[in-house]
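Visitor: I would like to take a close look at a single part of this protein, namely the surroundings of its ligand. Could you guide me through that part with care, and then set it in its wider context?

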Amino acid sequence: MRYKILGRGGPRVSVLGLGLWQAGSRMWSWRRGVEESVRRALGYAITYGINFFDTAEIYGAGYSEKVLGRVLGDLWDADLVIASKLAGYRWTMGSLRRGVEGINRRLGRTVDLIQHHWPPPAYVGVCRVIRGLERIVKDGLAHYYGLSNYPPKLVEKALECSRSVEPVSNQIQYSLAYRAPEASLIPIMREAGLSVIAWSPLAKGALAGVTRARAMAQRMDPTFRRASRDQVLLGALRRVAERRRATMAQVALAWLMHRGAIPIPGFRRVDRVKEYVGAVDLVLTASDLDELERASARYVNRGVYTPLQGMRLLPGVIQMLMIKMMGGI
Ligand SMILES: NC(=O)c1ccc[n+]([C@@H]2O[C@H](COP(=O)([O-])OP(=O)(O)OC[C@H]3O[C@@H](n4cnc5c(N)ncnc54)[C@H](OP(=O)(O)O)[C@@H]3O)[C@@H](O)[C@H]2O)c1
């Protein structure tokens with residue numbers, strides 16, 4: 001396994017992490033046998049050197065964090081780096097603190113990386129959030145903090161506001177089927193030393209060759225719908241995969257790692273994790289990269305970064321009620 005440091009002086013993480021949204025979320029219609037599957041998958045991942053696991057307080061309304069905490073209780077390894085996310089409807093110091101205390105209780109340990117899941121509503125200043133996150137780190141409730149789904153302007157604002165503790169990362173949607181961050185977001189992040197953590201690195205399975213949505217998460221995702229019909233991109237992935245004797249998912253993950261991003265693919269079974277691990281040593285040649293980049297070039301200039309930005313138009317209390325009524329996402 002290869003490792004890298006998050007941000008300028010953050011924790012040391014494997015170049016490939018794993019996402020745990022699937023672990024107990026209704027959007028992935030998966031509850032039965034979750035804990036056993038996660039235990040097997042993480043056991044395998046840790047043996048192969050993966051040490052970076054991502055969850056969030058809203059995944060299954062805390063269920064994903066509880067499963068992760070219980071599973072890691074048995075597989076404990078001091079090198080593990082656990083990331084979770086505070087919902088974007090939290091921005092007051094009190095609410096951020098209560099949120100991270102809940103996360104630590106469910107995980108059964110101090111979270112390593114706490115991320116703000118999406119920017120606060122448009123009427124709230126980003127500096128308020130940054131002050132709160134800095135305080136959380138200074139008080140030892142988390143070891144590091146990062147952002148998630150912060151677009152270019154708000155990343156700049158967050159960096160301007162940070163005084164004593166710098167963020168280490170921004171977790172963003174990024175894949176061969178969603179390359180909008182390359183236009184201005186990633187250049188700003190690179191300049192500031194923020195690591196790119198890539199969510200939906202497989203466009204929810206579309207880049208692995210899934211053409212029919214099975215879970216609600218896939219049905220509701222415009223990137224999945226578009227990518228699963230994009231014969232140009234899927235054809236290029238298939239050809240590169242055949243040449244490298246790899247799978248399409250491994251090629252899509254290897255491309256992200258080549259770009260310096262840390263993909264955190266989701267899983268429901270240990271077989272997927274076995275497949276993902278194979279991407280770490282997959283070397284793409286210049287002509288592979290060229291083929292993939294030409295086939296996905298039209299996704300580079302698709303305008304600004306859009307995921308979860310609509311939430312900023314809703315008052316925080318409405319966001320919170322919506323997510324509570326849904327029983328988490
Ligand atoms: N910060 C944010 O706002 C945000 C948003 C979304 C996600 N995330 C994080 O990112 C992680 C991953 O993103 P994601 O959940 O959107 O999806 P993803 O990693 O792009 O796709 C994962 C899904 O792809 C399917 N898949 C992979 N290989 C496959 C294969 N060979 N054949 C068939 N299906 C295959 C699997 O479906 P099956 O389970 O059916 O096998 C798997 O659950 C999440 O777990 C979460 O931690 C963060």
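Guide: For sorting residues by character, Ala, Val, Leu, Ile, Met, Phe, Trp, Tyr, Cys and Pro count as nonpolar, Asp, Glu, Lys and Arg as charged, and the others, Gly among them, as polar. Applied to this predicted model, that scheme divides the shell around the ligand into 13 nonpolar, nine polar and five charged residues. The shell holds 27 residues, and those that come nearest to the ligand are Gly-19, Trp-21, Gly-205, Ala-208 and Gly-266. By the scheme above, Gly counts as polar, whereas Trp and Ala count as nonpolar.

As for the wider context, the protein that holds this ligand has 13 helices and ten strands. Its radius of gyration is 19 Å, close to the 20 Å that the globule rule gives for 329 residues, so the protein is as compact as a globular protein of that length. Along the principal axes, its C-alpha atoms fill a box of roughly 55 × 45 × 40 Å.

Among the helices, α3 (residues 93–107) and α4 (residues 126–138) have axes that come within 9 Å and cross at roughly 45°, which makes α3 oblique to α4. The crossing in which α3 passes α4 is right-handed. On the α3 side, Met-93, Leu-96, Arg-97 and Val-100 take part, and they meet Gly-132, Leu-133, Arg-135 and Ile-136 of α4. By character, the residues of this contact comprise five nonpolar, one polar and two charged.

Key
Residues are numbered from 1 along each chain as its sequence is written. This is a predicted model: local features need pLDDT of at least 70, side-chain atom pairs count only at pLDDT 80 or more; totals for chains, interfaces and linings use all residues. A residue is near a molecule or strand if its C-beta atom, placed from the backbone, lies within 6 Å of it. Axes are lines fitted to C-alpha atoms, for helices over the stretch in contact, and angles run from 0 to 180 degrees between N-to-C directions. Helices (H or I, at least four residues) and strands (E, at least two) are DSSP runs, numbered from the N terminus. Angles under 35 degrees count as roughly parallel, over 145 as roughly antiparallel, 65 to 115 as roughly perpendicular and the rest as oblique. A crossing is left-handed if the near helix is turned anticlockwise from the far one by less than a right angle, and right-handed if clockwise. Two residues are in contact if their C-beta atoms, placed from the backbone, lie within 7 Å. The radius of gyration is taken over C-alpha atoms; the globule rule is 2.2 Å times the number of residues to the power 0.38.
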